[in-house]
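I opened this entry to note what I looked up about the open and enclosed spaces of the protein and about the surroundings of its ligand. I went through the pocket, then the cavities, then the contacts.

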Amino acid sequence: MTSRADPSLSDVLAARECIAHLIRPTPLLAAQELGRQVALKAECLQETGSFKVRGAANMLLSLDQKERAAGVVAVSSGNHGRAVAFVAAGLGIRATVCVSARVPAAKQDAIRSLGAVVVVGGTGQDEAEAAARRIVAETGATFVHPFDDPRVIAGQGTLGCDIVDEAPEVELLVVPLSGGGLIAGVALAAKGLRPGVRVIGVSQDRGPAMHDSLAAGRLTDVVEEDTLADALAGGLGPENHHTMQMCRELLDGIVLVSEEEIAAAMRHLRHAHGLRVEGGGAVGVAALIAGKIVPTGPTVAVVSGGNVSDETWERVTG
Ligand SMILES: *Cc1c(COP(=O)(O)O)cnc(C)c1O
């Protein structure tokens, strides 16, 4: 893989201009019941049902005509694939999305219905990534990494700009964390624009790849287990060029939440806010409800996605 430089704040600001036409404004909702000055950034209402469209749009719009003609290949736990498929369809780019058999059928169907080819293989993200790399090697298509790419990180960082614009007084950001593209971009933007803001990541306790890798000081394999936070499942992959180092430098902490805590947060978001939120999108709220993060000033919790099957939604929150 070619290794590019980490993104900068100016890359995030440029991304914001570049992707604006593909992004919906999402509401910032007061949530006093979680703390006097807590608000929720409802990216579950974003185009494609998650923030991932931000990074996918910035990445695909950066491709030249030749690269666009050769198509793109993504590996995904669901939401990145859907975002890539959506943006690719709009640009007339052929998209292939590799998923593991663990990825919920509803998410696979959503990707197919946008016209992308879905390749199902293996029981985890790492195997799906290997399949994607093989297709890239055979076809000359461009690999669209779900998190470890400066263009993707800069795209996700546009969410940090939006939050700081809408809540200029913010002191603490609570952000769902898996591969770290979202939180690295958001922290880069928020800390660049508001020095002194703190950023805390939240992961599921079943296989928290970034948490374990930072604790060990090296890339660490996780055992992929079933979790309500399916969007956060999977390892960091065989190599990491950007997000691990950026998380090491930019994060003020990582908190882990249990399945029960995630379920409680999904129920809360439904009944108190009328929001349909998937497990991975609810982990920040889960940490606040569980008292694992105590807001001491103006706080924004990112609610990162809403793509949950009807069956899981009713079972957990009904
Ligand atoms: C991908 C995803 C995340 C985590 O993003 P990373 O960049 O991998 O840390 C969080 N929430 C949802 C809903 C996602 O789809």
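I began with the lining of the largest pocket and asked which element contributes the most residues to it. I found that α5 does, with four residues, and I keep in mind throughout that the model I am reading is a predicted one. When I listed the elements that give two or more residues to this lining, I obtained α5 (105–113), α11 (259–273) and α13 (310–317).

I then looked up the extent of the largest pocket, for which I noted about 530 Å³ of space. I counted 29 residues in its lining, and I wrote down Pro104, Thr227, Leu228, Asp230 and Thr312 as those that lie nearest the centre. Sorting the lining of the largest pocket by class, I recorded twelve charged, nine nonpolar and eight polar residues. I also checked the domains behind this lining, and I saw that domain 1 (9–50 + 149–317) and domain 2 (54–144) each provide at least three residues.

Next I turned to the enclosed spaces and asked how many cavities of 30 Å³ or more the structure holds. I noted three, and for the largest cavity I recorded about 310 Å³ of space. Its lining consists of 29 residues, and I marked Phe51, Lys52, Ser178, Gly179 and Ala231 as lying nearest its centre.

For the elements around the largest cavity, I noted that α4 (79–91), α8 (181–193) and α12 (279–289) each supply at least two lining residues, and that α8 gives the most, with three. By class, I recorded 17 polar and ten nonpolar residues in the lining of the largest cavity, together with two charged ones. Here too I looked up the domains, and I found at least three lining residues of the largest cavity from each of domain 1 (9–50 + 149–317) and domain 2 (54–144).

Last, I examined the ligand, around which I counted 17 residues, with Lys52, Asn79, Gly180, Leu182 and Ser304 coming nearest. I noted that a polar side-chain atom of Lys52 lies 2.7 Å from an oxygen atom of the ligand. On the backbone side, I recorded a polar atom of Gly180 at 2.7 Å from a ligand oxygen, and a backbone N or O atom of Leu182 at 2.8 Å from an oxygen atom of the ligand.

I closed by asking how much of the ligand's accessible area the protein covers. I wrote down 98% of the 380 Å² that the ligand has on its own.

Note on methods:
Residues numbered from 1 in each chain as written. Predicted model: local features only at pLDDT ≥ 70, side-chain atom pairs only at ≥ 80, totals over all residues. Heavy atoms only, no water. 1 Å grid on protein atoms, 1.4 Å probe; cavity = no way out; pocket = protein on both sides within 12 Å on 5 of 7 lines; lining within 4 Å. Points joined across faces, edges and corners; volume = space filled by probe spheres on them. Nonpolar A, V, L, I, M, F, W, Y, C, P; charged D, E, K, R; others polar. Domains from an automatic or database assignment. Near = heavy atom within 4 Å. Polar contact = N/O pair within 3.5 Å; in protein donor to acceptor, adjacent residues only side chain to side chain. Areas by Shrake-Rupley, 256 points an atom, 1.4 Å probe, with all protein chains shown as cover.
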